[in-house]
Amino acid sequence: MNETITSIAIIGAGNVATHLALGLSGKGFTIRQVFSRTEESARELATKLNCPYTSSLEQLTPDADLYIVSIKDSALESVIPHIARRNPQALFVHTAGSMSADVWKGYANRYGVIYPMQTFSKQRTIDFTDIPVFIEANNADDTDRLTRLMEQLSRHIYHVSSEQRRYLHIAAVFACNFTNHMYAVCEHLLKAHGLPFAAMLPLIDETARKVHLLSPTEAQTGPACRYDVNVIDRHLQMLNGEPELAKLYELISQNIHVYNERKSKH
């Protein structure tokens with residue numbers, strides 16, 4: 001068994017797989033092969049990495065020290081048996097935030113998780129240095145190997161359990177996915193009235209900067225925080241034509257008020 005990880009197979013060619021593979025390749029690790037069910041996606045990433053690719057699990061290389069599986073959660077359990085049997089001595093990890101490390105149990109002897117908590121898009125270059133990476137493995141030696149591997153990319157490595165990681169993931173959904181959806185709602189309302197979304201960017205940027213200095217509860221402002229019923233009711237009337245947005249506005253406003261009440265009691 002190798003003391004260190006030198007060669008890696010990448011299973012998946014989506015956003016996370018692409019950034020991880022490019023980052024590790026840039027640090028001198030050998031990317032042995034890229035697999036994707038879509039040949040075009042596999043070829044595109046493999047071309048960037050100058051390595052072989054395949055769209056067949058039966059042709060997956062048996063010669064990697066580490067197999068990083070970065071695919072949809074819904075597909076993970078179905079491909080694990082096929083991947084793990086290719087090299088029983090290797091270390092296998094997935095990158096899913098909400099899937100247990102034990103999804104490998106019974107198929108692989110050595111397994112774990114590498115979860116980089118960031119929003120990734122292929123179109124944007126990401127500096128891994130400040131991205132927190134959460135690691136889990138089923139033995140101490142492989143925890144150490146994965147830690148040394150990811151320390152090549154990030155200054156922020158954490159060891160967490162599968163249960164802790166699930167809460168990281170749901171918290172990230174609120175902080176990132178739901179927040180971005182609020183931007184989409186904002187853009188929709190502005191476009192409907194001939195206003196540019198770009199006008200919101202300074203507000204968005206300052207809101208993000210504030211939580212580097214204040215807790216989110218302390219940074220909260222707006223009519224719901226003050227519980228200004230007159231403004232809230234006026235806004236709800238403006239959303240009469242869009243009942244789903246009105247309901248969303250009302251629920252979030254109520255929740256902000258609850259959090260603000262809790263803050264004032266402490």
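Reader: In which helix do Arg209 and Glu206 both lie?
Author: This is a predicted model, where local features need pLDDT of at least 70 and side-chain atom pairs pLDDT 80 or more, while totals for chains, interfaces and linings use all residues. Residues are numbered from 1 along each chain as its sequence is written, and side-chain values use heavy atoms, leaving out hydrogens and water. Helices are DSSP runs of H or I with at least four residues, and strands are runs of E with at least two, numbered from the N terminus. Arg209 and Glu206 are three residues apart, about one helical turn, and both belong to helix α6.

Reader: How far apart are N and O in the salt bridge of Arg209 and Glu206?
Author: A salt bridge here puts a side-chain nitrogen of Lys or Arg within 4 Å of a carboxyl oxygen of Asp or Glu. Arg209 is partly exposed, with a relative accessible area of 49%, and Glu206 is partly exposed at 38% (buried is under 20%, exposed over 50%, partly exposed in between, with a 1.4 Å probe and protein chains only). The N to O distance in their salt bridge is 3.2 Å.

Reader: Which strands stand at the edges of the sheet?
Author: Eight strands form an open sheet with mixed pairing, in the order β3-β2-β1-β4-β5-β6-β7-β8 (two strands pair if DSSP finds at least two bridges between them). An edge strand has a single partner, so one side of it is left without a neighbour in the sheet. That describes β3 and β8.

Reader: Is Ser7 buried or exposed?
Author: Ser7 lies in strand β1. Not counting residues up to four places away in sequence, Ser7 touches Thr30, Arg32, Asp63, Ala64, Asp65 and Leu66 (contact means heavy atoms within 4.5 Å). With a relative accessible area of 2%, Ser7 is buried.

Reader: How many residues apart in sequence are the parts that Glu58 and Arg85 tie together?
Author: Glu58 forms a salt bridge with Arg85, and the closest N and O atoms are 3.4 Å apart. Glu58 sits in the loop between β3 and β4, Arg85 in the loop between α3 and β5, so the separation of the parts they join is 27 residues.

Reader: Where does Glu163 find its salt-bridge partner?
Author: Glu163 is partly exposed, with a relative accessible area of 40%. The partner is partly exposed too, at 33%, and the pair is separated by about one turn of helix α5. With the closest N and O atoms 2.6 Å apart, the partner of Glu163 is Arg166.
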